[in-house]
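Please open the structure in your viewer and keep the selection panel at hand. The tour proceeds by selections, each followed by a description of what is found there.

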Amino acid sequence: MSKQGSFNSKVGVVLAAAGSAVGLGNIWKFPYMVGENGGSAFLLVYMLCCLLIGLPIMVAEFSIGKRAGVGIYNAYHTLTGNKRWQWMGAMGFVVSLLLLSFYSVVTGWCLEYLFDSVTGHINNSNPEELSQFFGSFVGSVRPIIWGLISLWLTAAISWFGVKSGIERMSKLLMPLLLVLLFLLIVRALMMPGSDIGMRFLFMPDFSKINPTVVLNAMGQAFFSLSVGMGVILTYGSYMPKSQDIMATSLQVTVLDTLVAILAGLAIFPAVFAMGVSPTEGPQLVYVILPTVFDQMSGGMFWASLFFLLLALAAVTSLLSMLELPVSYLMDWLHLTRRKAIALLLILLSISMAACAYSMTGKAPWLCPMGYSLFDCFDTLTSKIFMPLGGLAMTIFVGWVCPRHDTEDELNRHSRVHAKWAYDLFFFLIRFVIPVAILIIFADGLDIF
Ligand code: PHE
């Protein structure tokens with residue numbers, strides 16, 4: 001069994017989990033999902049999904065890891081005494097590899113934009129020029145090089161282990177990123193016409209809610225909160241015994257949602273002020289933000305700082321994703337931490353390169369059914385496997401583990417002692433969430 005690392009402090013756990021949750025999902029993906037799914041209506045459904053589905057699953061996932069005290073390969077076995085649930089660990093392992101492959105590509109995009117901001121390459125460009133720039137960049141092999149740099153950087157930090165690597169990075173970055181987002185919001189709100197963006201984001205138009213929007217919002221909630229795969233479980237196994245799971249989960253969920261909304265506030269006023277379509281898709285922030293920075297004095301400096309912080313926020317998420325397969329391989333194949341990292345690095349370098357290359361349009365064989373591998377991995381992870389994993393975890397904690405064991409673990413170190421809070425948690429975990437996930441799935445994938 002792997003020698004478990006552990007975090008130094010309770011604050012360290014909150015920050016590391018927040019470092020996992022806050023990343024490209026909030027600042028790159030959330031805005032374009034809002035844009036493509038009808039604005040405020042999506043935001044509303046998304047927040048409900050975070051609160052009623054994502055948060056309880058995070059509590060459940062932390063509780064599995066913390067109670068078991070071992071990584072995902074052995075956790076289910078340790079808690080039940082039989083191997084029937086081990087497939088959940090294996091599924092998390094595979095999904096984490098898919099996620100790492102495409103996430104490191106997008107982290108590489110940040111590094112390219114960091115480089116271009118520092119060298120002044122994208123200064124004084126309008127959204128149209130930036131859109132062309134993005135297209136030609138993604139169509140080249142440069143994303144592969146930057147993707148490799150992202151992966152190797154992550155592996156290098158992980159090489160030094162849980163405490164010194166992950167915890168220290170997370171403590172530093174989060175507050176800085178928030179400050180920069182505030183600056184961006186102030187500048188974006190000063191643009192004429194920005195009020196349309198505010199309305200787009202905050203005036204709910206219920207007619208825009210349909211099954212696809214709900215499925216997308218649920219997928220985004222899983223992705224953004226890092227739940228349903230086993231990453232939170234792995235971090236749960238590193239928690240100090242006296243950690244309050246309920247409070248930690250609430251803090252992480254609130255912070256993550258806050259950062260997403262701040263990113264929306266920084267981007268949509270500018271989108272509408274500049275007459276750009278909110279349905280631009282994955283390139284949205286890369287087209288909008290450089291233009292907003294251009295309008296600030298010292299824009300080049302701020303843009304560079306922003307892309308640096310975004311890349312680092314992405315790296316803290318990558319670190320958490322990598323921790324899952326590392327711990328899995330250590331327990332499964334009895335490898336040392338460093339051997340596991342080296343093996344994964346080889347594998348991931350190949351799958352990341354395939355992902356990035358599938359977007360160039362030069363490799364139709366990397367595009368099953370006309371969708372690039374990048375899109376396939378993205379859709380498979382957030383819209384299918386993470387909700388499925390979440391569903392399995394709710395069934396595991398709600399129906400397989402005895403309630404008093406979980407409740408005891410949650411209650412013992414918690415400031416929350418009200419009985420109704422636990423009743424509500426188990427009601428959500430046992431009935432509401434499994435049914436909701438199944439209905440959203442069936443409806444969104446048009447199974448009926
Ligand atoms: N939550 C991260 C983000 O928003 C992505 C992530 C997903 C990280 C799953 C770990 C596990 O960017």
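The stops below cover the ligand and then three helix pairs.

**Stop 1: the ligand**

The coordinates belong to a predicted model. Select the ligand and display its surroundings: 17 residues surround it, and the closest are Ala21, Gly25, Tyr103, Phe223 and Ser226. Which atoms of Ala21 should be shown for its polar contact with the ligand? Show the backbone, since a polar backbone atom of Ala21 lies 2.8 Å from an oxygen atom of the ligand. Next, add the side chain of Asn26, where an N or O atom is 3.4 Å from a ligand oxygen atom. Finally, display the side chain of Ser226; here the partner is a nitrogen atom of the ligand, at 3.0 Å from an N or O atom.

**Stop 2: α3 and α10**

Select residues 40–68, which form helix α3, together with residues 211–225, which form helix α10. The axes of α3 and α10 come within 8 Å and cross at roughly 50 degrees. The two helices are therefore oblique to each other, and α3 passes α10 in a right-handed crossing. On the α3 side, colour the contact residues, among them Phe42, Val45, Tyr46, Cys49 and Ile53. On the α10 side, the contact residues include Val213, Val214, Ala217, Met218 and Phe222. By class, the residues of this contact comprise 16 nonpolar, 4 polar and no charged.

**Stop 3: α10 and α18**

Keep α10 selected and add helix α18, residues 419–444. The pair packs at an angle of about 130 degrees, with axes 8 Å apart. How are α10 and α18 oriented to each other? They are oblique, an angle between 115 and 145 degrees being counted as such. In this pair the crossing is left-handed. From α10, show Pro211, Val214, Leu215, Met218 and Phe222; from α18, show Ile437, Ile440, Phe441, Asp443 and Gly444, which they meet. The contact of α10 with α18 consists of 8 nonpolar residues, 1 polar and 1 charged.

**Stop 4: α6 and α13**

Move to helix α6, residues 127–138, and helix α13, residues 284–294. Their axes are 9 Å apart, and the packing angle is about 135 degrees. This pair is therefore also oblique, with a right-handed crossing. Select Pro127, Leu130, Ser131 and Phe134 of α6, then Tyr286, Val287, Pro290 and Thr291 of α13, to display the contact. Its residues divide into 6 nonpolar, 2 polar and no charged.

Note on methods: Residues are numbered from 1 along each chain as its sequence is written. This is a predicted model: local features need pLDDT of at least 70, side-chain atom pairs count only at pLDDT 80 or more; totals for chains, interfaces and linings use all residues. Side-chain values use heavy atoms; hydrogens and water are left out. Axes are lines fitted to C-alpha atoms, for helices over the stretch in contact, and angles run from 0 to 180 degrees between N-to-C directions. Helices (H or I, at least four residues) and strands (E, at least two) are DSSP runs, numbered from the N terminus. Angles under 35 degrees count as roughly parallel, over 145 as roughly antiparallel, 65 to 115 as roughly perpendicular and the rest as oblique. A crossing is left-handed if the near helix is turned anticlockwise from the far one by less than a right angle, and right-handed if clockwise. Contact means heavy atoms within 4.5 Å. Ala, Val, Leu, Ile, Met, Phe, Trp, Tyr, Cys and Pro count as nonpolar, Asp, Glu, Lys and Arg as charged, and the others, Gly among them, as polar. A residue is near a molecule or strand if one of its heavy atoms lies within 4 Å of it. A polar contact is a pair of N or O atoms within 3.5 Å; within protein, one must be able to donate a hydrogen and the other to accept it, and residues adjacent in sequence count only if both atoms are side-chain atoms.
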